[in-house]
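Have the model open beside you and try each exercise before you read its solution. Pen and paper are enough.

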Amino acid sequence: MSAWLAVLAISLTVVAALAIGAFGTRLSRTTSDFYVASRSVSPWLNASAIGGEYLSAASFLGVAGLILAYGVDMLWYPVGYTVGYLLLLVLVAAPLRRSGAYTVPDFAEGRLQSTTTRLVATALVVLIGWLYLVPQMQGAGLTLRTVVGTPPWVGIVVVGVVVLAAVAGGGMRSITLVQAFQFWLKLFAIVLPVFFLVAAWRADGAPEVVSDTPPVFAERTTVTVGSDVEVRVDQAVTVDVDGVLDGDVVDGRVRLLPGEYAVGQGSELVFPAEAAVPTVTSLPTLSGQAWAAPMESGLDLPLYRTYALMLALFFGTMGLPHVLVRFYTNPDGRAARRTTLTVLGLVGIFYLAPPIYGILGRLYTPELLLTGRTDAVVLTLPTALVDGVAGQMLGAVVAAGAFAAFLSTSSGLVVSVAGVLSQDVLGPRVTSPVRAFRLATTVAVLVPMLLALAGQRLGIASIVGLAFAVAASSFCPLLLLGIWWPRLTAVGATAGLVVGGGLAGAAVLVTILAGPTEGWVGALLAQPAAWSMPLAFGTMVVGSLLTARRVPAGVTRIMVRLHTPESLDLDRGANLTRRGGRWP
Amino acid sequence: MTEGASRGKRVVVSRPVRGAARRRSRQPASDIDEQTAVGEVYMRSLLRTQLRLGLSALATVLVPLGLLPLIFIVHPPTAELQVGPLPLAWLLLGVLVYPLLVLVGWRYVRQVESNEREFERLVGSR
């Protein structure tokens, strides 16, 4: 019953997205409509759309999962996602809108008059976009698996196909409406259950979360392990096992002494009430107090990790390709600022909710620490804590919200990646721009889909954090220096993009492929922004100073364009968008 | 651009040609257009004011946020201080930071817009 409700809710979300998309398609006729919604989007609609696009699987599922597993330190994720918009507001929003650039590669080429810089920027848009798309699709796989029990590939394929249909069919205009709708759906889906959850927790006598022991099963609990896991038992416990334990088929009562055990896929374990929860070996076992206290999340070098994460998230937001594209749909620089301010408020309201799931998850769904699927806490908590049909309906609502998150972020990213692919890679070879865009969309969806199907899972929010680190080490310095420092040269910028984006990208790949490692090296690779971002800035500045004679000729005019209000009748040169070529 | 306009014929929009009369009267706008030393002073001061405004807005948020991890590690009891139902660290990072961000953003937008109006007043009339 609960599975069918969830399937129904998810289907409604998908149908609504496609229907609104189709409605938008009727409106979008010309090529420029297709890309940038003709710039006729109002600030409220645009802010909702930006929020809708921004709140991804990482925000909807990942943040609560990380808080459940590691505690208060993980609040830096939602804080960072939001502070990123403040930086965007005060340093980038208005000048970027005034530049007239639609994508970062456009900005790079227009500002620095170099096609080389443009190409490097294009490669980075694709890299960051794909890095961000993979966890969205994996989140979809996890969601369908959690609520319906399908294998992970089903969710991945569903999201891929829907996004492909929506983007290739409607372009940006329809996407704007869809995104705005999905923001409100997500906000509703994550906030509504909170009231029920808190009420249920109170009705339960408001049990204390911050205890001095690790989490325990509140009642006799049956845990089904969805995939092979290694778990660590800290306190001896007697369980009923039906499945595979340490390679042996077991059916009956077993005494687990402290130590590590391999539990086979599909095994069922029945724990008595009050038993301490064994933890998957990839997560730390934390007492309630350690969990609630900062810097005690059980990860190496907490201070370094915290600062590096802050840098990546604060400075990475401005460099995310799907965020930047949205600014072009504002009518002018002032509207761009007001839109960003609205986004700041909308996103801030949303982020009040996920920590509550993470906190209550410690009490009511601690088995996720055993299965390692902490990212599922938002999905499982409503049905676990709220009884009867109400709980099942809330479960369906969060599943729908999660799907809205995958769909909206994925389509935003796919529009951006497809935009640069069609313009810079396919453009010269395909005659019709609309056909080039559709072809590019297919490529932009298929590659991350295959990666998601093949890839092993890190936490959703962790992979997204890595995408932020690459953005902070490449596009952030390009935008900040390009906007505020007239002496930036193409040589300096290109070198900085290659050094920063390359090193951060390499660190990210090592972390994803080899898995997290211990000690200093592991921390430096898992959170690269603290060293790769300063390196990128340094390279751009030194490279520009060394090639000071090659400052682009029109830079003064460009600065007028970036920084003066549009109402002034000044000569601000041309838009920083490619002219005469294939750009509509 | 409206829906109708984008469907209709393409129209070339251009600035009126500047006459000699305009070049003679040295207005700020012409100085900026012609990139004279005076025009550059206008632009540099605009850039500087806007950047300073942005950075000071950022500082009001980033300095306290940046100090938090240090305070938490140097003096852990601060984080565990109970404020109502929540420990201080949870209250600050889970709740209070968001209204602060909106407030700082809102104040910045007001200031930067009034700055721009000032610049428009200065440069606007030709």
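Below are four short exercises with worked solutions.

This is a predicted model, in which local features need pLDDT of at least 70 and side-chain atom pairs count only at pLDDT 80 or more, while totals for chains, interfaces and linings use all residues. Residues are numbered from 1 along each chain as its sequence is written, and chains are lettered from A and ligands numbered from 1 in the order in which they are written.

**Exercise 1. Describe the overall build of chain A.**

Step 1: Start with secondary structure; chain A has 23 helices and seven strands (DSSP runs, H or I of at least four residues for helices and E of at least two for strands, numbered from the N terminus).

Step 2: Chain A is as compact as a globular protein of its length, because its radius of gyration of 24 Å is close to the 25 Å that the globule rule gives for 584 residues (taken over C-alpha atoms; the rule is 2.2 Å times the number of residues to the power 0.38).

Step 3: Turn to burial: 62% of the 584 residues of chain A count as buried, that is, 20 or more other C-beta atoms, placed from the backbone, lie within 10 Å of the residue's own.

**Exercise 2. Work out how the two domains of chain A are arranged.**

Step 1: Mark domain 1 (2–203 + 292–563) and domain 2 (221–276) of chain A; these bounds come from an automatic or database domain assignment.

Step 2: The centres of the two domains, over C-alpha atoms, are 37 Å apart.

Step 3: Six residues of domain 1 of chain A are in contact with six residues of domain 2 of chain A (C-beta atoms, placed from the backbone, within 7 Å).

Step 4: On the domain 1 side, helix 14 (residues 367–371) of chain A gives the most, with three residues.

**Exercise 3. Characterise the side of chain B that touches chain A.**

Step 1: The contact takes 45 residues from chain B and 46 residues from chain A.

Step 2: Helix 6 of chain B supplies the largest share of the chain B side, 19 residues.

**Exercise 4. Decide where chain A should be read with care.**

Step 1: The mean pLDDT of chain A is 88, with 93% of its residues at 70 or more; pLDDT is the predictor's confidence in each residue, from 0 to 100.

Step 2: Among the elements of chain A, helix 2 (residues 31–36) has the lowest mean pLDDT (48) and helix 22 (residues 529–546) the highest (97).

Step 3: Over residues 28–38 of chain A the pLDDT is below 50.

Step 4: Where pLDDT is low, predicted coordinates should not be read in detail.

Notes. Buried ≥ 20, exposed ≤ 12 C-beta atoms within 10 Å, placed from the backbone. Contact = placed C-beta atoms within 7 Å.
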